[in-house]
Amino acid sequence: DSSISNAYATGNVTSNSIAGGLVGEISVMTGSAAITNAYATGAVSASVNAINSIAFGGLVGYIQGDQMGTGGSVAISNTYATGAVRGSSGSSGALVGLALYSLESATISNSFWDTSTVNPSGTTPLSAVGGDSNLFLGLASVTQTNVSGKTTAELKQRATFENAGWSISGNGGEYPTLRMGPGGSTVWKIGADISPIYISLACGLLCNNTYGNDVSLSFGAFN
């Protein structure tokens with residue numbers, strides 16, 4: 001079994017055959033693989049004059065199951081992608097380029113992509129998972145729950161992610177990021193803190209910013 005959590009990638013990726021913004025290929029003949037709390041912002045594209053293009057995805061390029069047996073399971077949750085996806089003759093998806101062959105289960109939940117940036121102007125809109133049955137035999141079934149493309153403005157709103165069950169703080173205005181939280185945990189943050197930290201000069205209290213967030217100090221009248 002394998003898993004990736006609390007991870008992100010910002011670099012652009014170019015490949016002749018398979019490329020993903022975060023992960024190129026997940027192969028699960030048996031066992032399980034999971035990606036949770038992750039995002040990718042880099043562009044994904046096929047190399048110039050690529051002749052063996054297979055799969056290109058904003059988050060994951062290719063998910064491969066078992067051609068002969070049941071296959072393992074794959075779960076992707078609480079993720080998003082914003083980088084442009086430009087495959088050539090292969091399969092392209094906003095989140096997953098291609099899922100092929102038998103899988104015990106394959107799910108994507110509470111995950112999004114930016115329709116303005118993943119699909120550059122003039123290109124065909126992508127679905128969450130690519131794959132054309134006329135081109136590929138044995139497409140895997142991927143169950144999607146609360147998975148959709150959003151505008152840039154929607155992906156910079158806290159409500160978009162809270163409504164999807166994410167634990168996230170901040171007042172929006174930018175894409176969500178992963179930050180270090182209390183006790184070394186990792187937390188989602190979107191924009192600046194919602195509430196300012198109040199400090200009492202009379203008591204001489206020291207406010208420690210333990211969440212790694214931007215600190216705003218406000219002063220008000222005492223009753």
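**Group meeting: cores, a parallel sheet and a ring cluster**

Hello everyone, let me start in the interior. The largest nonpolar core has 33 residues, and those touching the most other members are Ile26, Val60, Ile63, Ile76, Leu95, Val96 and Ile108. Several strands feed this core: β4, β5 (32-40), β6 (44-46), β8, β9 (73-81), β12 and β13 (105-114) supply at least two residues each. The top contributor is β5, which gives four residues. Apart from this core lies another, made of eleven residues, including Tyr39, Tyr80, Phe112 and Ala164. Keep those names in mind, please, as some of them come back later.

Before going further, a word on what we are looking at: this is a predicted model. The chain has 223 residues, and 43% of them count as buried. On secondary structure, there are two helices and 19 strands. The accessible surface is about 11,100 Å², with 49% of that belonging to carbon and sulfur atoms. How much of the contact network joins residues at least 24 apart, once we look at contacts between residues at least 6 apart in sequence? The share is 71%.

Leu95 is a nice example to zoom in on. Setting aside neighbours within four places in sequence, Leu95 contacts Gly57, Gly58, Leu59, Val60, Ala81, Ile108, Ser111, Phe112, Trp113, Ser127, Ala128 and Val147. Two of the names there, Val60 and Ile108, also appear with Leu95 among the residues that touch the most other members of the largest core.

Now to a sheet. Three strands form an open sheet, in the order β4-β8-β12, with parallel pairing. At the edges we find β4 (23-27) and β12 (96-100), each pairing on one side only. From one strand to the next, the twist averages 5 degrees. As a quick reminder, strands of a sheet pair through backbone hydrogen bonds, either parallel or antiparallel.

Let's follow one of these pairings. Strand β8, residues 60-64, runs parallel to β12, and four bridges join the two. If you want to find the register on screen, Tyr62 stands opposite Leu98 in β12, and Gln64 has Leu100 as its bridge partner in that strand. Is β12, an edge strand, mostly covered or mostly open? Mostly covered: five of its five residues are buried.

While we are in this part of the sequence, have a look at Phe56, which sits in strand β7, residues 55-57. Its relative accessible area is 0%, so Phe56 is buried. Phe56 and Ser45 are eleven residues apart in sequence, with 6.9 Å between their C-alpha atoms.

On to the aromatics, my favourite part. The structure holds nine aromatic pairs. One of them is Tyr39 with Trp188, a tilted pair with 5.8 Å centre to centre and 45 degrees between the planes. This pair links distant parts of the chain, with Tyr39 in strand β5 and Trp188 in strand β17 (residues 186-189), 149 residues apart. Both Tyr39 and Trp188 are buried.

Another pair is Tyr80 with Tyr175. Why do we call that one stacked? The ring centres are 6.2 Å apart and the planes are at 25 degrees, so the pair is stacked, because planes under 30 degrees apart count that way. Tyr80 lies in strand β9 and Tyr175 in the loop between β15 (168-169) and β16 (177-180), so this pair ties together parts 95 residues apart in sequence. The two partners sit in unlike surroundings: Tyr80 is buried at a relative accessible area of 1%, whereas Tyr175, at 21%, counts as partly exposed. The cut-off matters here, because buried means under 20%.

Zooming out, ring pairs link Tyr8, Tyr39, Tyr80, Phe112, Phe161, Trp166, Tyr175 and Trp188 into a cluster. And here come the names I asked you to remember: Tyr39, Tyr80 and Phe112 are also among the members of the eleven-residue core.

Last stop, the backbone. Most residues other than glycine have a negative phi. Which two asparagines have a positive value here? They are Asn110, with phi near 50 degrees, and Asn146, with phi near 55 degrees. Asn110 is in strand β13, while Asn146 is found in strand β14, residues 143-150. Asn146 has a relative accessible area of 37%, so this residue is partly exposed.

That's my tour. Thanks for listening, and I'm happy to take questions!

Note on methods. Residues are numbered from 1 along each chain as its sequence is written. This is a predicted model: local features need pLDDT of at least 70, side-chain atom pairs count only at pLDDT 80 or more; totals for chains, interfaces and linings use all residues. Side-chain values use heavy atoms; hydrogens and water are left out. Two strands pair if DSSP finds at least two bridges between them. Axes are lines fitted to C-alpha atoms, for helices over the stretch in contact, and angles run from 0 to 180 degrees between N-to-C directions. Buried means under 20% relative accessible area, exposed over 50%, partly exposed in between (1.4 Å probe, protein chains only). Contact means heavy atoms within 4.5 Å. Accessible areas come from the Shrake-Rupley method with a 1.4 Å probe; for residues, only the protein chains shown count as cover. A nonpolar core is a set of buried Ala, Val, Leu, Ile, Met, Phe, Trp, Tyr and Cys residues joined through side-chain atoms within 4.5 Å. Rings of Phe, Tyr and Trp (its six-membered ring) pair if their centres lie within 6.5 Å; planes under 30 degrees apart count as stacked, over 60 as edge-to-face and the rest as tilted.
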